[in-house]
Amino acid sequence: MIPHQKQAAIFADRLLSWWKQNKQSFPWRSSSDPYQILIAEILLRKTTAKQVAKIYKNFLRLFPSPKSLAEADVENLEEALKPLGMYRVRAKLLKKIGEILDQRFAGKVPDTKDGLLLLPGVKEYVANAVLCFAYNKDVPLVDTNAVRIFQRVFGFKSEKKRVKDDPAIWKFAEAVTPPGRAKDFNLALIDFAHKVCRPKTPDCRSCTMRDVCISYSEKRSKV
């Protein structure tokens, strides 16, 4: 399923207009440093942005480079990561990432998807996030939040059990992402999912998409 070009354009325009007035502020969003973006994306897995924001700057102060991660004592990493939970797993993963970046990539974060996918714990979402936010590449981001929005607004359907792993949803997201605006668009999707198109209590009344949203139309027809 590929969205109609006009429908995709309307969605992108409205989303970006909404985002201008409603964007959230987090420390990693003001950075374009590939290492800092990679660290943020790793920390954000299974953790809220607010929790990560509490330790992010201090973590970078303690471990400002891949080499510092590679040479860090695991105990020190665990201590810095304790507020996030799963700190032992995170510490081992980050140390391994630091080692690979230092030894294999001369301390630089790869600027290709193939290179990023060689890092432990990095799959398509994190790889694309680094490419988008650090290297300004026009690539889509698909997580459960993006899936929810595409399913509701466009009526996207997947035969896969884990929809976010379906290649079709990634192609769909790529078709919706406006060229040259991927960074803003992807951040807008994240914020829109958090503030408006929420999982259990979507704010349909104030939603700028409701006249083009299939889910909203179906709800109204039932009423």
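1. Start inside the model. Helix H11 gives the second largest cavity the largest share of its lining, 3 residues. A cavity is a set of points on a 1 Å grid over the protein atoms alone where a 1.4 Å probe fits but cannot get out, and lining residues have an atom within 4 Å of a point. Helices here are DSSP runs (H or I, at least four residues), as are strands (E, at least two), and they are numbered from the N terminus.

2. A word on the source. This is a predicted model, in which local features need pLDDT of at least 70 and side-chain atom pairs count only at pLDDT 80 or more, while totals for chains, interfaces and linings use all residues. Residues are numbered from 1 along each chain as its sequence is written, and side-chain values use heavy atoms, with hydrogens and water left out.

3. What lines the second largest cavity? Its wall is made by Tyr 125, Leu 141, Val 142, Asp 143, Ala 146, Asn 186, Leu 189 and Ile 190. The volume is about 50 Å³. A volume is the space filled by probe spheres set on the grid points, which are joined across faces, edges and corners. By class, this lining has 6 nonpolar, 1 polar and 1 charged residues. Ala, Val, Leu, Ile, Met, Phe, Trp, Tyr, Cys and Pro count as nonpolar; Asp, Glu, Lys and Arg count as charged; the others, Gly among them, are polar.

4. The structure holds 2 cavities of 30 Å³ or more. The largest cavity has about 110 Å³. It has 13 lining residues, and nearest its centre lie Arg 152, Cys 197, Pro 202, Cys 204 and Cys 213. Helix H9 and helix H12 (214-222) each give two or more residues to this lining. H12 gives the most, with 3 residues. The classes are 8 nonpolar, 1 polar and 4 charged.

5. Now the open space. A pocket is an open set with protein on both sides within 12 Å along at least five of seven lines. The largest pocket contains about 1,400 Å³ of space. Its lining counts 41 residues, and Leu 44, Arg 45, Lys 46, Tyr 125 and Asp 143 lie nearest its centre. Tyr 125 and Asp 143 also appear in the lining of the second largest cavity.

6. Which element gives the largest pocket the largest share of its lining? H11 does, with 6 residues. Helices that supply at least two residues each include H2 (34-43), H3 (49-62), H6 (87-104) and H11 (182-195). By class, the pocket lining has 19 nonpolar, 8 polar and 14 charged residues.

7. The overall fold is simple to list. The chain has 12 helices and 0 strands. Its C-alpha atoms fill a box of roughly 60 × 35 × 30 Å along the principal axes. The radius of gyration is 19 Å, which agrees with the value near 17 Å for a compact globule of 223 residues. That radius is taken over C-alpha atoms, and the globule rule is 2.2 Å times the number of residues to the power 0.38.

8. How much of the chain is buried? Of the 223 residues, 46% count as buried. Buried means under 20% relative accessible area, exposed over 50%, and partly exposed in between (1.4 Å probe, protein chains only). Contacts are heavy atoms within 4.5 Å. Among contacts between residues at least 6 apart in sequence, 63% join residues at least 24 apart.

9. Asp 191 deserves a look. This residue lies in helix H11. It is buried, with a relative accessible area of 0%. Leaving aside neighbours within four places in sequence, Asp 191 contacts Trp 18, Trp 19, Asn 22, Lys 23, Gln 24 and Arg 29.

10. Phe 63 sits in the loop between H3 and helix H4 (66-71). Is Phe 63 buried or exposed? It counts as buried, at 6% relative accessibility. Beyond neighbours within four places in sequence, its contacts include Tyr 35, Leu 69, Asn 76 and Ala 80. Phe 63 and Gly 98 are 35 residues apart along the chain, and their C-alpha atoms are separated by 9.8 Å.

11. Two loop residues need a backbone check. Ala 106 is not a glycine, yet has a positive phi of about 55°. Its loop runs between H6 and helix H7 (113-116). Ala 106 is exposed, with a relative accessible area of 66%. Asn 136 has a positive phi near 55°. Asn 136 is in the loop between H8 and H9, and is exposed at 59% relative accessible area.
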